[in-house]
Amino acid sequence: MDPIEGILYGLGLAFTPELLLAAFLGALAGTLVGVLPGIGPVAGAALILPITFNYSPAVGLIMIAGIYLGGQYGGSTTSVLLNIPGEGSAIVATFDGYKMTQQGRGGAALTIMAIGSFIAGTIALILLMTMAKPLAGFALNFGPAEYFALTAGGLLALARISGGSLGDGLFPMIIGIGLATVGAEAATGFDRFIFGNLDLSLGFALASVAVGLYGISELMLMLEDKDGTRKPMHVRLRELLPTRDEWGRATAPWLRGSFVGFLFGLLPVPSATLSTFASYKLEKTVSKNRHKIGTGAVEGIAGPEAANNSAALGSLVPILVLGLPFSATLALMLAAMVVQGIQPGPLLMTQHPDIFWSVIAAMYVANIMLLVMNLPLVGVWVNVLRTPRYMLIPIVILVACVGSYSLNYNMIDIYVIMIFGIVGYMLRKFGFSLASLLVGLVLGPLIEKYFSQGLFISGGDPLYFVSSPIAAGIWIVVFLAMIGSGGWKLVRRISRRDRQSVGAGV
Amino acid sequence: MSVLNVSKMDLRRRGRLVIGALGLLVSAGYTWQAFEIPVGTLAKPGAGLYPRGVGIVAIVISFIVVIEAILAKASTDEEVEFPRGVQLRLVLIFFGLSCLYVIVLPILGQYLAASLYSIAMIKFLSPHGWIRSILYGVAAAVTISWLFITLLSIQLPRGIW
């Protein structure tokens with residue numbers, strides 16, 4: 001099946017009433033969790049994940065895709081309307097988006113973001129169609145050594161890049177890897193670290209850990225916020241249309257952002273967040289109206305929002321072709337795929353092209369659904385933002401507990417939410433990165449699997465893991481990324497200190 | 001050595017020192033447990049080989065966190081603030097009530113436990129009186145429970161109700 005046949009096949013499957021409804025519900029739920037403070041896309045996806053298990057694979061995947069993309073759009077909506085970013089990838093939208101709202105152009109900002117996301121999604125789809133087959137072909141050469149390098153090395157790089165100091169990312173990462181060893185070992189079935197509690201034989205459920213780490217801790221942080229009564233400005237439907245000048249100024253940033261975002265999506269980094277900052281920086285450097293960026297300029301939201309969405313589709317490449325998720329939400333997507341019987345990897349494209357292209361088509365349909373749905377519903381999101389905390393918090397907790405219980409019908413998953421709520425709260429307070437923990441939990445079993453396979457194949461020779469040029473090359477890149485990340489942070493700290501010295505007149 | 005004077009460290013460094021020390025303890029315990037698991041051989045690894053490696057790496061990383069806490073300079077950009085006064089009370093009430101809900105859930109059942117939890121949360125977090133809290137709380141809890149149990153056919157703890 002060639003890429004064009006594949007995408008047409010996938011779209012044909014996706015455009016059925018059942019799947020369109022699933023896309024609508026997923027996008028709606030995703031935007032809702034992105035808009036509502038105290039949950040966020042990761043916890044929201046984790047809450048809804050168990051519900052998707054009751055449906056067919058296509059329905060489940062399209063819902064998760066809708067939640068993923070909707071969550072990002074919802075997070076950006078609060079950035080624009082309230083100056084409160086829903087998650088990391090929505091921070092940049094506060095720089096110019098909220099300023100536009102203050103200037104009475106909030107509706108236009110939301111429209112530009114929605115349309116930019118759709119255009120970026122289309123461009124990313126074309127790029128994905130071009131790159132997926134050659135990359136899958138290349139990945140067929142991968143053995144345990146290469147996969148071990150990708151999983152362990154990629155996780156190390158992610159942990160280093162997403163944290164500030166060395167400990168910020170590595171400490172949560174190793175917690176995640178350690179948690180992944182709890183339960184029955186895959187090859188021998190030996191129960192590890194269960195301390196006589198058979199409920200732990202299944203290990204820690206990813207969704208429960210995610211809800212606790214992100215959801216419960218976020219609610220606790222929300223309750224700390226004295227200024228919890230910020231209300232959004234009204235946005236009227238007729239204010240949604242950008243002016244001709246705004247349309248013109250948004251076009252080039254949309255295109256630039258799409259390419260930047262897709263490239264970041266391919267890398268083992270928090271691509272959604274980093275791509276928005278990279279795109280913003282690019283606009284500040286090359287845009288015709290760069291002097292206006294930061295004061296409510298269209299370029300300041302058009303490029304980053306396109307980058308954000310393009311990164312989401314770009315990150316499908318490592319997850320589908322290699323089975324490697326490099327963000328917390330993608331880790332949940334991978335879990336959803338595996339539960340639905342879809343095993344991502346290079347053989348997926350050749351042996352199950354129908355599933356491969358269905359997943360990609362699902363993301364694109366969710367993209368379309370967001371465009372169709374979100375602009376008319378702006379008023380609804382504004383009202384949702386007015387939900388009082390005293391109603392929001394118990395509803396979130398009840399849904400969280402029910403969702404987690406439904407995973408294995410075991411109370412232990414509910415206890416896990418509470419325990420990781422405290423863990424997440426403390427880690428966030430002291431500056432540790434939560435994403436590394438979650439990705440470590442997902443990648444941990446894969447790292448062990450490839451490690452064991454490698455030792456088995458090589459007869460116990462540890463040098464096997466760097467014996468192939470690809471594996472050695474990956475480790476060199478990881479090493480450079482880790483050194484480079486530390487060096488870059490040092491340079492920024494020095495330049496910040498220099499600016500403070502200059503400012504103090506020293 | 002003044003660098004080890006814990007009382008002079010800011011809250012962030014002290015907290016990270018404690019977290020690192022806890023990490024060291026837990027990693028040491030984890031590694032010790034890992035040595036109880038059959039290790040196999042390098043050519044045929046057993047269930048214990050990988051956790052031993054993870055444990056040792058965890059000890060090293062925990063040590064790094066401790067060292068970073070000791071050697072880091074205090075920075076006003078990264079101060080840690082814990083809630084005080086009303087905010088602390090709200091956070092403690094939220095966490096306490098949520099833990100209580102989780103404990104009584106298998107005893108009382110979903111409908112009853114969720115209703116009591118919602119009523120208590122709304123009463124403590126809002127300016128409403130008991131009657132409104134009971135009305136809103138029961139409505140929210142019963143609706144959500146009904147949605148999952150009846151509409152989505154997801155079994156929940158039964159208990160009394």
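Does A:Phe193 count as buried, exposed or partly exposed, and how many C-beta neighbours does A:Phe193 have inside 10 Å? The legends below, which describe a predicted model, take up this question in the first view.

**View 1. Two phenylalanines with positive phi lie in the loop between E2 and H9 of chain A.** A:Phe193 counts as partly exposed, because 18 C-beta neighbours lie inside 10 Å, and this places A:Phe193 below the 20 needed for a buried residue and above the 12 that is the limit for an exposed one. A:Phe195, by contrast, is exposed, with 8 other C-beta atoms within 10 Å. The backbone of A:Phe193 has a phi near 55 degrees, a positive value in a residue other than glycine, and A:Phe195 likewise has a positive phi, near 50 degrees. The loop that holds A:Phe193 follows strand E2, which covers residues 191–192.

**View 2. A:Gly154 is a buried glycine of helix H7 in chain A.** Helix H7 runs over residues 144–162, and A:Gly154 has its place in that stretch. A:Gly154 counts as buried because 25 other C-beta atoms lie within 10 Å, where 20 would be enough. Leaving aside residues up to four places away in sequence, A:Gly154 touches A:Pro268, A:Leu324 and A:Phe326. A:Pro325 is 171 residues from A:Gly154 in sequence, yet their C-alpha atoms are 9.6 Å apart in space.

**View 3. A:Tyr280 is a buried residue of helix H11 in chain A.** Helix H11 spans residues 271–286, and its end C-alpha atoms are 21 Å apart, which agrees with the 22 Å that 16 residues should span at 1.5 Å a residue. The buried residues of H11(A) include A:Ser271, A:Thr273, A:Leu274, A:Ala278, A:Leu282 and A:Glu283 as well as A:Tyr280, and they pack against H4 (57–82), H5 (91–102), H10 and H12 of chain A. A:Tyr280 is buried because 26 other C-beta atoms lie within 10 Å. Apart from residues up to four places away in sequence, A:Tyr280 touches A:Val92, A:Gly300, A:Gly303 and A:Pro304. A:Val372 is 92 residues from A:Tyr280 along the chain, and the C-alpha atoms of these two residues are separated by 26 Å.

**View 4. Helices H10 and H12 of chain A pack against each other with a right-handed crossing.** H10(A) covers residues 244–265 and H12(A) covers residues 299–314; they pack at an angle of about 35 degrees, with their axes 6 Å apart. By class, the residues in this contact comprise 14 nonpolar, nine polar and three charged.

**View 5. Helix H1 of chain B is covered in part by a helix of chain A.** H1(B), residues 11–34, has 24 residues and reaches 34 Å from its first C-alpha to its last, close to the 34 Å expected at 1.5 Å a residue. Its buried residues include B:Arg13, B:Arg16, B:Leu17, B:Ile19, B:Gly20 and B:Tyr30. Among the elements that cover the buried residues of H1(B) are H8 (166–180) of chain A and H2 (49–71) of chain B.

**View 6. Chains A and B meet in a contact to which several helices of chain A contribute.** In this interface, 50 residues of chain A are in contact with 52 residues of chain B. The elements of chain A that give two or more residues to its side are H8, H9 (206–224), H18 (389–408), H19 (412–429) and H20 (434–458), and H18(A) gives the most, with 13 residues. By class, the side of chain A that touches chain B divides into 32 nonpolar, eleven polar and seven charged residues.

**View 7. The two chains give the setting for the close-ups, with 21 helices and two strands in chain A and five helices and zero strands in chain B.** Chain A has a radius of gyration of 22 Å, which agrees with the value near 23 Å that a compact globule of 506 residues would have, and its C-alpha trace spans about 65 × 55 × 50 Å along its principal axes. Buried residues make up 59% of the 506 residues in chain A, whereas 32% of the 161 residues of chain B count as buried. Of the contacts with a separation of 6 or more, residues 24 or more positions apart account for 79% in chain A and for 61% in chain B.

Key: Residues numbered from 1 in each chain as written. Chains lettered and ligands numbered in written order. Predicted model: local features only at pLDDT ≥ 70, side-chain atom pairs only at ≥ 80, totals over all residues. Helix = DSSP H or I, 4+ residues; strand = E, 2+ residues; numbered from the N terminus. Rg over C-alpha atoms; globule rule 2.2 N^0.38 Å. Contact = placed C-beta atoms within 7 Å. Expected span 1.5 Å × (residues − 1). Nonpolar A, V, L, I, M, F, W, Y, C, P; charged D, E, K, R; others polar. Axes fitted to C-alpha atoms, helices over the stretch in contact; angles between N-to-C directions. Left-handed = near helix turned anticlockwise from the far one by under 90°.
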